Amino acid sequence: MISIQDQIVLITGASSGIGAACARVFAQAGAKLILVARRQERLEQIAEELGHSSVHLLALDVCDRSAVESTLEKLPEPWSAIDILINNAGLSRGLNKFQEGDFQDWEEMIDTNLKGLLYLTRYIVPGMISRGKGHIVNLGSTAGHYTYPNGNVYCATKAAVRVISEGLKQDLLGTPVRVSSVDPGLVETEFSQVRFRGDGDRAKKVYQGLTPLTPADVADVILFCVTRPLHVNVSEVLLMPTDQAGSMLFNRQT
Ligand code: NDP
Ligand code: 8X3
């Protein structure tokens, strides 16, 4: 196991769920954190909880390429030397048959889950190569392995994340920069509230009668990936609740 003490870790989507859990777990391990999300007040709450000192906040929409570029360019020393990038910001909108799909929902998912991840990675990876160290962790999903009914475009974005991780790994071969894809099944976060646009009852039903993963379960796995010895790359992790098999096969006690 290697130490991540004082390593600079940039986490997108750190205002909630898996990203916020990563902030807690990585702070505990002694990392210096750059926390990215649109909701600044949420980021401030997390920074306060973590005691501020080793935390730098960026209120940023990852879909806005020029904002991503200028924000990263303006990062002061030592924050600009990012060691670990956790591409976690992402969302799902709607659960509709393809033929009834909403174009705006599709664009929001593609812009966030794909373009946002591509922008951050493209701007950060060259520095990792020139400094001779770095690790990129991309949040995929079981949805990228197994398409489920009405999941169409969300599943496609997560399948594309897998392909991007694979392509990036191939293109970085010969450099010390590592790439891991961490692909969880059902995790109870704000994910379903966002998907169902604040319909709390519908969101709650997604997790009813089973024990889902917690955001901390996923953060632990991400920490495991980045703390392996430098010659070891955990390439892909598929993790599910014990109550889940495949994509939409659940052991529900209802
Ligand atoms: P949450 O909704 O709890 O968190 C999503 C995070 O993404 C928030 O911090 C949100 O912050 C951020 N975000 C969304 N859009 C943007 C944007 N345009 N710019 C910057 N930040 C953005 O969901 P999860 O924690 O569950 O999701 C995290 C990742 O894990 C996603 O990629 C998701 O697809 C993936 N995943 C989730 C699973 C689950 O069951 N929950 C399972 C498998 C994968 P803000 O709104 O403040 O910008
Ligand atoms: C989130 C998990 O199964 O709700 O990626 O799509 S699922």
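The expected span of a helix is 1.5 Å times one less than its number of residues. Keep that rule at hand for the exercises below, which work through a predicted model.

**Exercise 1. Find out how confident the predictor is in this model.**

Start with the chain: its pLDDT averages 97, and 100% of the residues score at least 70. Then take the global scores, which are ipTM 0.99 and pTM 0.98.

**Exercise 2. Check the length of helix 1 against the expected span, and decide how enclosed this helix is.**

Step 1: helix 1 has twelve residues, for which 1.5 Å a residue gives an expected 16 Å. From the first C-alpha to the last, helix 1 reaches 17 Å, close to that expectation.

Step 2: turn to burial, where the cut-off is 20 or more other C-beta atoms within 10 Å. Gly17, Ile18, Gly19, Ala20, Ala21, Cys22, Ala23, Phe26 and Ala27 are the buried residues of helix 1.

Step 3: since nine of its twelve residues are buried, helix 1 is largely enclosed by the rest of the structure.

Step 4: look just past the end of the helix, where Gly30 has a positive phi, near 90°.

**Exercise 3. Describe the largest nonpolar core and the place of Ile11 in it.**

Step 1: this core holds 53 residues. Ile11, Ala23, Leu33, Leu35 and Val36 have the most contacts inside it.

Step 2: helix 1 supplies the largest share of the core, seven residues.

Step 3: a second, separate core has five residues, among them Met109, Ala143, Tyr154 and Cys155.

Step 4: follow the contacts of Ile11, leaving aside neighbours within four places in sequence. Ile11 then meets Gly19, Cys22 and Ala23, along with Leu33, Leu35, Val36, Ile86 and Asn88.

**Exercise 4. Compare the surroundings of ligand 1 and ligand 2 by residue class.**

Step 1: around ligand 1 there are 31 residues, of which Gly13, Gly17, Arg38, Arg39 and Gly90 come nearest. Helix 1 (17–28), helix 4 (103–131) and helix 6 (191–195) are the elements that give two or more residues to this shell. The largest share, three residues, is from helix 1.

Step 2: sorted by class, the shell of ligand 1 contains 14 nonpolar, twelve polar and five charged residues.

Step 3: ligand 2 is surrounded by Ser141, Thr142, Ala143, Gly151, Leu186 and Phe191. Three of these are nonpolar, three are polar and none is charged.

**Exercise 5. Work out which residues of helix 5 are buried and what covers them.**

Step 1: helix 5 (residues 152–172) has 21 residues and reaches 30 Å, close to the 30 Å expected.

Step 2: Val153, Tyr154, Cys155, Thr157, Lys158, Val161, Ile164 and Ser165 are its buried residues. Their cover includes helix 4, strand 5 (135–139) and strand 6 (178–184).

Step 3: just after helix 5 comes Gly174, with a positive phi of about 100°.

**Exercise 6. Is Gly140 buried or exposed?**

Step 1: locate Gly140 in the loop between strand 5 and helix 5.

Step 2: count its neighbours. Gly140 has 27 C-beta neighbours inside 10 Å, so this residue counts as buried.

Step 3: list its contacts, not counting residues up to four places away in sequence. Gly140 touches Lys158, Val161 and Arg162, as well as Ser181, Val182 and Asp183.

Step 4: relate Gly140 to helix 1. Gly140 and Gly19 are 121 residues apart along the chain, and 13 Å separates their C-alpha atoms.

Technical notes
Residues are numbered from 1 along each chain as its sequence is written. Chains are lettered from A and ligands numbered from 1 in the order in which they are written. This is a predicted model: local features need pLDDT of at least 70, side-chain atom pairs count only at pLDDT 80 or more; totals for chains, interfaces and linings use all residues. A residue is near a molecule or strand if its C-beta atom, placed from the backbone, lies within 6 Å of it. Helices (H or I, at least four residues) and strands (E, at least two) are DSSP runs, numbered from the N terminus. Ala, Val, Leu, Ile, Met, Phe, Trp, Tyr, Cys and Pro count as nonpolar, Asp, Glu, Lys and Arg as charged, and the others, Gly among them, as polar. pLDDT is the predictor's confidence in each residue, from 0 to 100. A nonpolar core is a set of buried Ala, Val, Leu, Ile, Met, Phe, Trp, Tyr and Cys residues joined through C-beta atoms within 7 Å. Two residues are in contact if their C-beta atoms, placed from the backbone, lie within 7 Å.
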